[in-house]
Amino acid sequence: MDLYEYQGKQYFARFGIPISPGGVADTVDEAVAQADRAGYPVVVKAQVKVGGRGKAGGIKLAADAAEVRTHAGAILGMDIKGHTVGRLWVEHASDIAREYYASFTLDRAAKLHLCMVSARGGVDIEEVAETDPGAIVRMHVDPVDGLSPDAAARVVADAGLDDEARPQAAELLQALYRCYVEGDCDLAEINPLILTTDGRVHALDAKVTLDDNAAFRHPEWEEFEGTETADPRERLAKERGLNYIGLSGSVGIIANGAGLAMSTLDVVNQVGGSAANFLDVGGGANADVMAAALEVINTDDAVRSIFVNIFGGITRCDEVANGIVEALARVDLRSPIVLRLDGTNAEAGHEILADHQSERLIVEETMLGAARRAVALAGGKA
Amino acid sequence: MSIFVDENTRVVVQGLTGSQGRFHGLRNRDYGTQVVAGVTPGKGGTDVDGVPVFDTVEEAVRATGADASFVVVPPKGASGAILDAAAAGISFVVCITEGIPAQDEARVFNVLRRDYPRTRLLGPNCPGVISPGKCNIGITSGDIALPGGPVGIVSRSGTLTYQALHELSQQKVGQTTCVGIGGDPVPGTSFIDCLAAFQEDPDTKAVMLIGEIGGSAEEEAAGFIAKRMTKPVVCYIAGVTAPPGRKMGHAGAIISGSAGTAQAKMEALAAAGATVAQNPTEAGERMVEIVRNLD
């Protein structure tokens with residue numbers, strides 16, 4: 001789960017990472033109240049989960065309440081790369097002397113944590129990584145050992161941070177590591193990490209991705225949930241507990257297992273079609289799950305055919321077959337289903353389906369054959 | 001022969017008394033696997049369908065000589081269970097648990113690497129391992145596998161592993177061992193570990209590798225194939241059409257930018273000399289051709 005900047009900053013603050021005084025505002029009046037509290041001048045920042053806010057006009061400096069009013073009014077409701085701004089973060093404007101970069105994430109190849117620090121922050125860090133890779137210092141951190149004060153001091157020195165910033169930056173880095181580990185982040189990134197003209201180091205932005213798998217030990221994460229899902233199909237799928245991603249094609253996809261679902265998308269594409277979605281029903285493809293999956297796909301006007309691709313391992317094909325038959329009785333589908341059923345109890349599954357086959361429910365023997373049929377029905381080439 | 005597990009492997013099921021543990025543990029036993037013990041703290045002295053249950057892995061090992069473990073416990077307790085098994089001297093741990101926090105996985109991996117170098121962890125979030133006709137630890141349906149080799153399979157995805165087994169078995173091409181390494185960010189056993197073991201195994205004549213988008217495991221495997229593999233390798237990578245930046249179910253299957261795309265992985269594998277198929281069926285067909293031309 002990606003956090004908004006304001007959520008990330010509030011998360012940082014819990015771990016003692018210094019941030020600018022500020023607050024959240026959903027209206028122009030609230031923005032003025034937050035600005036009064038933070039102290040002028042302030043920065044008014046659009047809260048959207050997409051980069052390039054500044055260039056799009058979503059970040060503005062305001063010297064007084066009148067300017068806050070003007071900027072907040074302009075930014076609220078603004079569209080930034082398809083995201084509508086509904087919330088602002090208003091904080092006291094810092095006098096910036098230098099801009100740095102700091103982050104923690106997992107290096108999957110090394111199977112260790114990776115700390116990255118650069119004296120060249122405030123810009124697109126991926127661009128720095130490409131054009132001047134030496135400007136970013138990388139250090140592995142063994143999760144068993146953790147980040148020692150010495151290692152933190154060394155990395156900020158190696159990265160060439162200004163002398164006066166180093167002690168505070170090293171301390172902040174340790175707090176960021178605690179946030180990353182104890183806070184169960186996939187990514188904890190500060191860009192820019194600033195040195196102010198009066199010699200203080202703090203986080204001017206926050207990019208935090210939480211590890212959804214750790215939600216069970218973070219009841220406090222509940223406040224972060226349900227804040228944004230632009231696609232109505234995805235919202236419905238989430239309510240139904242389905243792993244769904246909306247795409248723009250005409251063949252609806254239901255498969256069990258993420259790998260098979262991805263593979264199904266690929267095969268549909270290879271035979272000349274395009275998938276309307278990714279939908280992994282996981283291990284328990286019973287009638288309720290099938291009905292929910294079909295229901296979600298049925299709301300998609302672009303769908304012309306539905307390809308159900310099941311390989312039974314733990315999932316038993318007879319249960320899937322029963323599920324589909326039951327689901328068909330419950331959901332009034334606009335598109336025909338092409339079904340491929342293999343694996344555990346496949347024969348029993350096919351027997352159950354034998355009496356229900358029609359032009360609305362077509363059973364194919366192989367994955368490739370089913371993909372061709374579904375694509376043909378969707379109007380693509382066969 | 002086979003890799004990692006065979007007819008002599010003695011398995012303790014951690015979480016045998018739970019509904020999942022009971023179902024899969026007994027299913028593995030029915031396949032012919034030596035399921036010798038179960039472990040559930042507080043339930044020592046009881047049994048599950050004749051399989052004795054112990055309070056700790058250590059006791060189970062002492063009483064039954066178990067050398068492999070099957071961890072079927074919820075995410076909260078899975079890390080502790082894996083380390084318990086390692087501390088008890090278990091040399092092969094299969095963990096199917098889905099949803100373990102990445103921080104826990106990273107810590108467990110590094111504790112094993114440092115303190116228990118002789119313990120191999122398979123998973124988490126994997127379907128397990130099957131050496132057809134000999135041993136099945138995990139959730140793979142035994143009847144889709146065909147004993148006798150000569151193909152070794154290694155895969156990052158569960159259902160695609162079954163698909164691969166199915167494609168080969170249908171063509172009467174058997175398998176030595178099929179390993180599902182799982183789709184999580186920090187798998188205990190990597191593609192390279194499995195490729196190296198298959199390369200050493202005299203009965204494995206060819207290897208099928210099933211990868212997916214995200215991370216760099218397939219690229220690393222390509223490096224190993226180029227340098228060390230003399231046996232033919234057929235690959236398939238899922239996720240060619242996946243939209244960037246989105247998680248596709250597996251915590252591991254996420255791509256950002258161009259790194260980790262299916263295209264990049266397929267190119268690396270092809271450059272390493274592997275046969276790259278466009279879909280699971282084609283991968284099966286390529287492998288059948290290779291096996292038919294072996295002798």
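Two residues are in contact here if their C-beta atoms, placed from the backbone, lie within 7 Å. Keep that cut-off at hand for the exercises below, and bear in mind that this is a predicted model.

**Exercise 1. Find the two domains of chain B and describe where they touch.**

Step 1. Begin with the bounds: domain 1 of chain B covers 10–122, and domain 2 covers 140–292. Their C-alpha centres are 26 Å apart.

Step 2. Apply the contact cut-off. Nine residues of domain 1 of chain B are in contact with nine residues of domain 2 of chain B.

Step 3. Look at what domain 1 of chain B brings to this meeting. Helix 4 and strand 7 of chain B each supply at least two residues of the side that touches domain 2, and helix 4 gives the most, with five residues.

Step 4. Sort that side of domain 1 of chain B by class: seven residues are nonpolar, none are polar and two are charged.

**Exercise 2. Trace the sheet that contains strand 1 of chain B, and say which strands stand at its edges.**

Step 1. Write down the order. Seven strands of chain B make an open sheet, 3-4-2-1-5-6-7, with mixed pairing.

Step 2. Check the ends. Strand 3 (47–48) and strand 7 (120–122) of chain B are the edge strands, as each pairs on one side only.

Step 3. Zoom in on one pair. Strand 1 (residues 10–14) and strand 2 (residues 34–39) of chain B run parallel and share five bridges. Within strand 2 of chain B, Val39 is the residue opposite B:Gln14.

Step 4. Add a helix. Helix 1 (residues 19–31) of chain B lies across strands 1, 2, 3 and 5 of chain B, at about 160 degrees to strand 2.

**Exercise 3. Do the same for the sheet that contains strand 8 of chain B.**

Step 1. This open sheet of seven strands in chain B has the order 9-8-11-10-12-13-14, and its pairing is mixed.

Step 2. Strand 9 (135–138) and strand 14 (275–277) of chain B each have a single partner strand, so one side of each is left without a neighbour in the sheet. On average, neighbouring strands of this sheet are turned by 15 degrees against each other, direction ignored.

Step 3. Strand 8 (residues 128–131) and strand 11 (residues 174–180) of chain B are antiparallel and joined by three bridges. Here B:Val129 faces B:Val179 of strand 11.

Step 4. Now place the helices. Helix 6 (residues 191–200) of chain B lies across strands 10, 11 and 12 of chain B, at about 170 degrees to strand 10. Helix 9 of chain B crosses strands 10, 12, 13 and 14 of chain B, at about 180 degrees to strand 13.

**Exercise 4. Which helices of chain B help to form the side that touches chain A?**

Step 1. Start with the totals: 49 residues of chain B are in contact with 43 residues of chain A.

Step 2. Helices 3, 4, 5 and 9 of chain B each supply at least two residues of the side that touches chain A. The largest share, eight residues, comes from helix 4 of chain B.

Step 3. By class, this side of chain B has 22 nonpolar, 20 polar and seven charged residues.

**Exercise 5. Locate B:Val71 in the largest nonpolar core.**

Step 1. That core has 155 residues, and B:Val71 is among those that touch the most other members, together with residues including B:Ile82 and B:Val93.

Step 2. Leaving aside neighbours within four places in sequence, the contacts of B:Val71 include B:Gln14, B:Ala78, B:Ile82, B:Val93 and B:Cys95.

Step 3. A second, separate core of 60 residues includes A:Phe104 and A:Leu112.

Technical notes: Residues are numbered from 1 along each chain as its sequence is written. Chains are lettered from A and ligands numbered from 1 in the order in which they are written. This is a predicted model: local features need pLDDT of at least 70, side-chain atom pairs count only at pLDDT 80 or more; totals for chains, interfaces and linings use all residues. Two strands pair if DSSP finds at least two bridges between them. Helices (H or I, at least four residues) and strands (E, at least two) are DSSP runs, numbered from the N terminus. Axes are lines fitted to C-alpha atoms, for helices over the stretch in contact, and angles run from 0 to 180 degrees between N-to-C directions. Ala, Val, Leu, Ile, Met, Phe, Trp, Tyr, Cys and Pro count as nonpolar, Asp, Glu, Lys and Arg as charged, and the others, Gly among them, as polar. Domain bounds come from an automatic or database domain assignment. A nonpolar core is a set of buried Ala, Val, Leu, Ile, Met, Phe, Trp, Tyr and Cys residues joined through C-beta atoms within 7 Å. A residue is buried if 20 or more other C-beta atoms lie within 10 Å of its own, exposed if 12 or fewer, and partly exposed in between; C-beta atoms are placed from the backbone.
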